[in-house]
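Colleague: Could we go through this model together? I should like to begin with its salt bridges and then turn to the helices.
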Amino acid sequence: MSSIYGAFEPRLSYVMTRIQTELESYEQLRFAETGDHVYEHLTARIKSDESMREKCRRKGLPETAYSALHEMQDAIGIRIICAFRDDIYGILEHIRSLPGFIVVEEKDYIRHAKSNGYRSYHLILAAETAFEDVEGNVPGHFFVEVQLRTIAMDSWASLEHKMKYKKDVKNQALIEAELKRCADELAACDVSMETIRNLIRNS
Ligand code: 0O2
């Protein structure tokens, strides 16, 4: 079976590399200037053909490049892991000002955590490109989903993601409540760590 992205696949890699390079250059520049890292690490991925097809089926959409690149907005995903919550809001300012990228949507699941305890800051960007997009527009636009998390938020999300595949377990309500408790405790730790950092900086 050919890729759901069809002829657009190399264009997705191009857009992903473009934003990844912008962000990595910013980190190197800021580190050289201040000695502080703006983030701890960054990962970039194109959603696999299989995951994108599964998501289209789940949403009742045909398995086409149009669904994957127009109806869905996360074919290209960037995840930025920061040490402290403040760092997330700092790098957001830079992302909003990136030339050639338009902010389409922002969701602050840090100040407004999901009911299960999930925390992260999500942005959808539209990258402007010289080549045609799936709608036939030139310049074309390709969506990029950016997720920003602290190390603690990322640990929780990774573990919760692993465990949520096991749906047929007893005590579902208890497990959900425990996961939420862990998320809230980690969020409290993030606040304490930030306070400690500020005490060190100001002393
Ligand atoms: P994957 O495999 O990580 O890419 P939608 O994108 O349509 O499913 P929505 O509401 O538009 O949903 O997007 P939202 O809520 O901003 O979340 C999209 C992505 O955030 C998810 O992508 C996850 O990566 C992450 N996410 C959101 N909620 C949770 C959560 O409760 N737990 C964990 N671990 N991650 C979450 P995908 O496509 O579901 O998965």
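Colleague: Is D108 buried or exposed?

Modeller: This is a predicted model. In it, D108 has a relative accessibility of 15% and therefore counts as buried, since the cut-off for that class is under 20%.

Colleague: Which residue does the side chain of D108 meet in a salt bridge?

Modeller: The partner of D108 is R111, with a distance of 3.7 Å from N to O.

Colleague: And R111, is that residue buried or exposed?

Modeller: R111 is exposed, because its relative accessible area is 59% and the exposed class begins over 50%. This salt bridge thus has a buried D108 and an exposed R111.

Colleague: How many salt bridges are there by this rule?

Modeller: The count comes to 18. One of the pairs is D74 with K55, whose side chains meet at 2.8 Å, N to O.

Colleague: Where do D74 and K55 lie?

Modeller: K55 belongs to helix α2 (residues 49–58), while D74 is in the loop between α3 (65–71) and β2 (76–82), so their salt bridge ties together parts that are 19 residues apart in sequence. Both D74 and K55 are buried.

Colleague: Which residues are linked in a network of salt bridges?

Modeller: The network links D49, R53, R57 and E63.

Colleague: Let us change topic to the helices. At roughly what angle do the axes of α4 and α6 cross?

Modeller: The axes of α4 (residues 85–96) and α6 (residues 172–202) cross at roughly 80° and come within 8 Å. Angles from 65 to 115 degrees fall in one class, so α4 and α6 are roughly perpendicular to each other.

Colleague: Which residues make the contact?

Modeller: Helix α4 contributes R85, D86 and D87, and helix α6 contributes V191, E194 and R197. By type, the contact of α4 with α6 has five charged residues, one nonpolar and no polar.

Colleague: Which residue forms a salt bridge with D87?

Modeller: D87 is paired with R197, and their closest N and O atoms are 3.2 Å apart. D87 lies in helix α4 and R197 in helix α6, so this pair ties together parts that are 110 residues apart in sequence.

Colleague: Are D87 and R197 buried or exposed?

Modeller: D87 is buried, because its relative accessible area is 13%. R197 also has a relative accessibility of 13% and therefore counts as buried.

Definitions and conventions:
Residues are numbered from 1 along each chain as its sequence is written. This is a predicted model: local features need pLDDT of at least 70, side-chain atom pairs count only at pLDDT 80 or more; totals for chains, interfaces and linings use all residues. Side-chain values use heavy atoms; hydrogens and water are left out. Axes are lines fitted to C-alpha atoms, for helices over the stretch in contact, and angles run from 0 to 180 degrees between N-to-C directions. Helices (H or I, at least four residues) and strands (E, at least two) are DSSP runs, numbered from the N terminus. Angles under 35 degrees count as roughly parallel, over 145 as roughly antiparallel, 65 to 115 as roughly perpendicular and the rest as oblique. Contact means heavy atoms within 4.5 Å. Ala, Val, Leu, Ile, Met, Phe, Trp, Tyr, Cys and Pro count as nonpolar, Asp, Glu, Lys and Arg as charged, and the others, Gly among them, as polar. A salt bridge is a side-chain nitrogen of Lys or Arg within 4 Å of a carboxyl oxygen of Asp or Glu. Buried means under 20% relative accessible area, exposed over 50%, partly exposed in between (1.4 Å probe, protein chains only).
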